[in-house]
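Subject: Structure handover

Hello,

Please find the structure below, with the sequence alongside. My notes on what was found follow it.

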Amino acid sequence: DGNPRVSQTLEELVRQDARLKEAIADLRSPEACRSQRDLASLESVGRECLREIRRLLRQLDGLLDAVEGDAERARVEREARNCQCSLQASQEAMRETALQRKQALQEAERVDLLRSDGADGGIGDVQGDDGVARRRVRQREETAAAAASHVTQSLLLLSNQLAEQVEASSETANRLLRSSEQLTETGEELKSMTGHISTAKRLLTRLSRRDFTDKVLIFLAFVFFFSTCAYIVKKRTIGVTV
């Protein structure tokens, strides 16, 4: 919560995840998804949510460097992992639910067509056959158009996913490149510090030797001083005795 952009991104991830789960729930509901048009509309909403969640996850990954504090960074990374897992589960649920709803709609349309054929049995043979043929042709065309639309949307989604993966790989490569440059700079700094440490070690060795020399000179000075004092005392003692 220390970084406003990170907080806003996490809040938007939660909102988009809730919107995606709502679209999946509508796909499961026969009342909310009654036709191929409803199916296509709900799938469009779900795909839009998936794209937005992936974009927000990439944005959150780019904001990690600006998060201050190890605990806060760990929390944000944990939230990002949870959102990634939820994204994968929701994407799989949406795919399976959309397929089941499409099959259910096709089965319902087939049943309605068979009922219409049975209801038209009392009309003249030629007129009835023509009407049934036209309805079947129209039904096949609508089913083929819906299937083609679904395939096109699936291909567009796959293309968008591939583009997003390429973009994510590019961002990862850039981050690795920046990390490599930082490691190189750190290595150069360590080499420079090693040189400074070696110089300091030599200076300390010289100071240690000089300190030892000073101690020896002081000791010799004390010896000379006491020797001189002893000599003077001895001379005076001998002079007094004479």
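**The nonpolar core**

In this predicted model, the largest nonpolar core has 24 residues, and the members that touch the most others in it are Val6, Leu13, Leu20 and Leu27. Three helices, H1, H2 and H3 (70-119), each supply at least two residues of this core. H2 gives the largest share, with nine residues. As background, nonpolar side chains in soluble globular proteins tend to be buried together.

Leu20 is worth opening in the viewer. Setting aside neighbours within four places in sequence, Leu20 is in contact with Gly46, Cys49, Leu50, Ile53, Ser90 and Met94.

**The chain as a whole**

The protein chain has four helices and zero strands. Read from the N terminus, the order of elements is α-α-α-α. Of the 242 residues in the protein chain, 21% are buried. Taking contacts between residues at least 6 apart in sequence, 77% join residues that are at least 24 apart.

**H1 against H2**

A pair of packed helices is described by the angle between the axes and the distance between them. Helix H1 covers residues 4-28 and helix H2 covers residues 36-63; their axes come within 9 Å and cross at roughly 160°. An angle over 145 degrees counts as roughly antiparallel, and H1 and H2 are therefore roughly antiparallel to each other. The handedness of the H1 and H2 crossing is left-handed. Which kinds of residue make up the contact of H1 with H2? There are 16 nonpolar residues, four polar and seven charged.

Two positions on H1 can be set against positions further along the chain. Val14 is in helix H1 and counts as exposed, because its relative accessibility is 56% and the cut-off for exposed is over 50%. From Val14 to Ile53 the C-alpha distance is 9.1 Å, with the two positions 39 residues apart in sequence terms. Ala18 also belongs to helix H1. Its relative accessible area is 43%, so Ala18 is partly exposed. The C-alpha atoms of Ala18 and Cys49 are 9.4 Å apart, and these two residues are 31 apart along the chain. Ile53 and Cys49 both appear among the contacts of Leu20 given above.

**The H1-H2 loop and H3**

Ser35 sits in the loop between H1 and H2. Is Ser35 buried, exposed or partly exposed? With a relative accessibility of 28%, Ser35 counts as partly exposed. Ser35 is 67 residues away from Lys102 in sequence, while their C-alpha atoms are 8.8 Å apart in space.

Lys102 itself is part of helix H3. The relative accessibility of Lys102 is 13%, and the cut-off for buried is under 20%, so Lys102 counts as buried. A second pairing involves Leu39: the C-alpha atoms of Lys102 and Leu39 are separated by 7.3 Å, and the two residues are 63 apart along the chain.

**Where to start**

I would begin with Leu20 and the residues in contact with it, including Gly46 and Met94. After that, the crossing of H1 and H2, at roughly 160°, and the pairing of Ser35 with Lys102, at 8.8 Å between C-alpha atoms, can be taken in either order.

Regards

Methods. Residues are numbered from 1 along each chain as its sequence is written. This is a predicted model: local features need pLDDT of at least 70, side-chain atom pairs count only at pLDDT 80 or more; totals for chains, interfaces and linings use all residues. Side-chain values use heavy atoms; hydrogens and water are left out. Axes are lines fitted to C-alpha atoms, for helices over the stretch in contact, and angles run from 0 to 180 degrees between N-to-C directions. Angles under 35 degrees count as roughly parallel, over 145 as roughly antiparallel, 65 to 115 as roughly perpendicular and the rest as oblique. A crossing is left-handed if the near helix is turned anticlockwise from the far one by less than a right angle, and right-handed if clockwise. Ala, Val, Leu, Ile, Met, Phe, Trp, Tyr, Cys and Pro count as nonpolar, Asp, Glu, Lys and Arg as charged, and the others, Gly among them, as polar. A nonpolar core is a set of buried Ala, Val, Leu, Ile, Met, Phe, Trp, Tyr and Cys residues joined through side-chain atoms within 4.5 Å. Buried means under 20% relative accessible area, exposed over 50%, partly exposed in between (1.4 Å probe, protein chains only). Contact means heavy atoms within 4.5 Å.
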